Amino acid sequence: MRSLRLALCAVLASAVLAAGAASAAEGPLFTIGRDGVLLLGALPDILSRPEVRPHLATGLTTTFALRVTATDETGTKTRGGGRIDVRWEPWDEVFFTAALGADGRARRESLPSLDRLAAWWNSLEIPAATGLAPGGRWTVRVEVNVIPFSASEQRDTQRWFSDSLGQAPPPAPSASSQEQSAAARQVPANGGVLDLLIATSIKRHSLISFNWTALPRTHGREPSS
């Protein structure tokens with residue numbers, strides 16, 4: 001029995017090591033352009049995970065909140081992040097998506113299937129931090145928090161978001177895709193509001209978190225100026 005237990009422990013240890021290696025190999029990639037923008041891409045596939053996928057079909061917004069910490073060789077840290085919203089619209093049978101980066105721009109798509117959604121996710125390149133020294137040696141750590149909203153949470157967060165911007169709150173979610181995407185259309189160019197939103201209003205509702213050390217992209221395109 002002791003030898004059997006030892007054998008099982010060895011198998012489990014090997015599996016854990018293999019999973020760790022696979023996780024590291026599947027980590028994001030980054031590029032730092034001449035303009036000092038850290039462009040994050042090749043996000044690992046977390047949409048198909050069993051903890052995440054059921055939430056994508058609820059008709060409510062699922063938010064992926066990104067936090068990025070870049071450290072140079074002197075130990076100086078630069079922080080940034082982004083936000084990705086995904087919502088299935090059952091009436092139109094499409095996924096509405098919005099990706100917000102540190103540049104304050106929202107990139108939106110309407111996608112007709114899970115396969116197209118997965119392809120869009122794989123192709124995402126998000127400006128996740130600014131002001132980095134080009135050509136330096138950087139260690140980049142990425143955290144993604146998955147936040148599924150209930151209807152009441154979505155209304156509360158939209159109201160909080162609108163109040164933070166000094167705007168009237170958007171209408172409550174309904175079958176109308178125009179109404180339910182109101183919060184995404186109110187994305188500001190102010191990264192401070194984005195950071196505050198991620199850090200306070202939605203962080204406590206996180207379903208699951210993922211952490212990686214990103215690898216530098218050796219042959220990637222640089223962000224535009």
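This section describes the fold, the nonpolar core, the pairing of strand E3 and two residue environments in a predicted model.

The chain contains 6 helices and 9 strands. Of its 225 residues, 41% are buried. Contacts between residues 24 or more positions apart account for 66% of those with a separation of 6 or more. The accessible surface of the chain amounts to about 11,900 Å², and carbon and sulfur atoms contribute 55% of this area.

In soluble globular proteins, nonpolar side chains tend to be buried together. In the present model, the largest nonpolar core comprises 36 residues. The members that touch the most other members are Leu38, Leu40, Phe64, Ile84, Trp121 and Val140. Strand E8, spanning residues 138–148, makes the greatest contribution to this core, supplying 5 residues.

The surroundings of leucine 40 were examined with neighbours within four places in sequence left aside. On that basis, leucine 40 is in contact with Pro28, Leu29 and Phe30, with Leu66 and Val68, and with Leu124, Glu125, Ile126 and Ala128. Val142 and Ala214 complete the set of contacts of leucine 40. Leucine 40 is itself among the core members with the most contacts to other members.

Strand E3 covers residues 62–72, and 9 of its 11 residues are buried. E3 pairs with strand E4 (residues 77–89) in an antiparallel arrangement through 10 bridges. Within this pairing, valine 68 lies opposite glycine 80 of E4. The two strands E3 and E4 form a hairpin in which 4 residues lie between them. Glycine 75, located in the turn of this hairpin, adopts a positive phi of about 90°. E3 is also joined to E8, again antiparallel, by 11 bridges. In the pairing with E8, arginine 67 of E3 stands opposite glutamate 143. Strand E3 is thus bridged both to E4 and to E8, the latter being the strand that gives the most residues to the largest nonpolar core.

A further environment considered is that of arginine 107, which belongs to strand E6 (residues 106–111). The side chain of arginine 107 forms a polar contact of 2.7 Å with the side chain of aspartate 103. When residues up to four places away in sequence are not counted, arginine 107 touches Thr97, Ala98, Ala99 and Gly101, together with Trp120, Glu125 and Pro127. Glu125 thus appears among the contacts of arginine 107 and also among those of leucine 40. Trp120, likewise in contact with arginine 107, is adjacent in numbering to the core member Trp121.

Conventions. Residues are numbered from 1 along each chain as its sequence is written. This is a predicted model: local features need pLDDT of at least 70, side-chain atom pairs count only at pLDDT 80 or more; totals for chains, interfaces and linings use all residues. Side-chain values use heavy atoms; hydrogens and water are left out. Buried means under 20% relative accessible area, exposed over 50%, partly exposed in between (1.4 Å probe, protein chains only). Contact means heavy atoms within 4.5 Å. Accessible areas come from the Shrake-Rupley method with a 1.4 Å probe; for residues, only the protein chains shown count as cover. A nonpolar core is a set of buried Ala, Val, Leu, Ile, Met, Phe, Trp, Tyr and Cys residues joined through side-chain atoms within 4.5 Å. A polar contact is a pair of N or O atoms within 3.5 Å; within protein, one must be able to donate a hydrogen and the other to accept it, and residues adjacent in sequence count only if both atoms are side-chain atoms. Two strands pair if DSSP finds at least two bridges between them.
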